[in-house]
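Biologist: I would like a close look at one part of this model, with the cut-offs stated as you go. Please put that part in its setting as well.

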Amino acid sequence: MSHASSSGRRLPTQWLGVAPFFLFAFLFLLLPAVSIVVGAFRGADGGFTFDNVAGLKSPTILNAYWVSIRVSFWSALLGCLIGFAMAAAVVLGGLPRFIRSPLLTFSGVASNFAGLPLAFAFIATIGPAGLITVWLRTEFGINLRAATGFNLFSTGGLIATYLFFQVPLMILIITPALDGLRREWREAAEILGATPAQYWRMIAFPILVPSLLGTFALLFANSFGAVATAFALAGPQLNIAPILLFSQIRGDVLGSPGLGYALALGMIVITGIANTLYLWLRSRTERWQK
Amino acid sequence: MKLLFAWSAFLLGSLIFILPLVGMTEFSLSMRRGEYSFDAYASVLADPQFRATFTYSVVMALVTIVFGVLLVVPTAYWVRLRMPYLRPVVEFITLMPLVIPAIVIVFGYIRLYNTSSWLPLTGSDTGTNILLMFGYTALALPYMYRAVDTGLRSIDIATLTEAAQSLGAGWMTIFGRVILPNVFVSVLSGAFLTFAIVIGEFTLAALLNRPAFGPYLQLVGANKAYEPSALAVISFAITWLCMGLIQIVVRLAPRPPAQSH
């Protein structure tokens, strides 16, 4: 590589190689996001204003955010717990080796099976005329909705449905972390007289904490922005942030375009925080695993 | 004792996956009263709307894959070869679609590229199709870029490039006949994942008003009883097929020869 610097300064032609990518990223990722942020701080007259962001304090919007956060929180938490239990059972629990590979393959599929078809699957299973609902009613005379208060078309149903992709995502991410727990650490702890509980509390758990928290943040963001499943389950009347935004884009239900941008800005902020946490914790995990 | 816990955790957890799959399959087969039949599938497949929207989405997925490959592979190659200091920036950009929800991205598109803007893409069907393709490329960017970058890491691109150059190859030849074939397996993984994402995507297609498979699913879901389950089974089969193909491609791939440095 001797072509450089013979004639002093060269034109930065190598930038041409990445120009298409940066142009694409600028026009179809960066600029749309920036335009939302700008729109959120621009009034109807075109001047700068905080009115839109202040307008988010209306009860409907606050409630939409709050329900969204609750749904994302619980589906992420349950997804983490169940996914961890399953991954731990397979990696550490002594289940036969042949389960592992199919479980990971299946998790890869299930974590990508979201949107409308997922909603249909749950409606066919625990919806009003679903397989389990009907089975409970005819065999045991139990009315699922009356007995447990469970309604698929509410936030509880949404959380249950999201678990279908949250749990496998957790399995995919946490299995390598569990593999990273070296046998020597446990043996060393045992030789020094640690009980299994002490080993978990003082060695394994602190090592896993960044992975666990990071995955929780990822799962949270993952369900926070999801539109299609919720839309198919409950329709436009369910008051969660992404659905409210969907209705706003379709027909300005808030009656103020600026407020719509502020609503979108709020979503970027929330998923942005969750994802930053995830990326930061992941870099910490990787540092430790090296 | 430990084994008992492990088995019960595994089996109870599996119910979350198994029950909905059994539920949707059973439901999709019970359109005819009292016996199982494929009536719901026949009804779906006979619907001209199904064929039109499904074809539209398949074509969109293929176009998105081609565009994504042409955008990502040269960039990832060039950054690795000549501009490694740009890697953090490029990686950050490719992660942006995970940070910004799809619905917010498309909201920005509608604001920026509407009929009264400087680039009125939504003004015509072709323009909107192109905008939708850009949106899908953005959604698939994190997966495509990571797949390709992993593939590039496993080959010695600097040596390959120099060897090709000393044999007189131009950039097009190097890219098309040296680099792309060497990362073909990674590109295919990214392509299948892109396909799985695009085929059932709802938000972008619905808000840009394109006749894609996702909005059609929504329409059927709101108006029919048994057909949605049949469509769910079909969608699950497609997702499974895409992921299965990734596994097969990765497994069948020739291992790159060990490099000596």
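Biologist: What percentage of the 261 residues of chain B count as buried? And for the close look, which residues of helix α12(A) are buried?

Modeller: Of the 261 residues of chain B, 45% count as buried, where buried means that 20 or more other C-beta atoms, placed from the backbone, lie within 10 Å of the residue's own (exposed is 12 or fewer, partly exposed in between). This is a predicted model, in which local features need a pLDDT of at least 70 and side-chain atom pairs count only at 80 or more, while totals for chains, interfaces and linings use all residues. Residues are numbered from 1 along each chain as its sequence is written, and chains are lettered from A and ligands numbered from 1 in the order in which they are written.

In chain A, 43% of the 290 residues are buried. Helix α12 of chain A, residues 241-251, is mostly covered, with eight of its eleven residues buried. These are A241(A), P242(A), I243(A), L244(A), L245(A), F246(A), Q248(A) and I249(A). After α12(A) comes D252(A), with a positive phi near 50 degrees.

The setting is helical: chain A has 13 helices and zero strands, and chain B has twelve helices and zero strands. Helices (H or I, at least four residues) and strands (E, at least two) are DSSP runs, numbered from the N terminus. The C-alpha trace of chain A spans about 65 × 65 × 30 Å along its principal axes; for chain B the spans are about 75 × 65 × 30 Å. Chain A has a radius of gyration of 24 Å, against near 19 Å for a compact globule of 290 residues; this radius is taken over C-alpha atoms, and the globule rule is 2.2 Å times the number of residues to the power 0.38.

Between the chains, 59 residues of chain A are in contact with 64 residues of chain B, a contact being two C-beta atoms, placed from the backbone, within 7 Å. Helix α1 (residues 19-40) gives the most to this side of chain A, with twelve residues. That side divides into 43 nonpolar, 16 polar and no charged residues. Nonpolar covers Ala, Val, Leu, Ile, Met, Phe, Trp, Tyr, Cys and Pro; charged covers Asp, Glu, Lys and Arg; the others, Gly among them, are polar.

As for confidence, pLDDT runs from 0 to 100 for each residue. Chain A averages 86, and 95% of its residues score at least 70. Over residues 1-7 of chain A the pLDDT is below 50, and this stretch has one contact beyond near neighbours in sequence. Where pLDDT is low, the predicted coordinates should not be read in detail.

Notes
pLDDT is the predictor's confidence in each residue, from 0 to 100.
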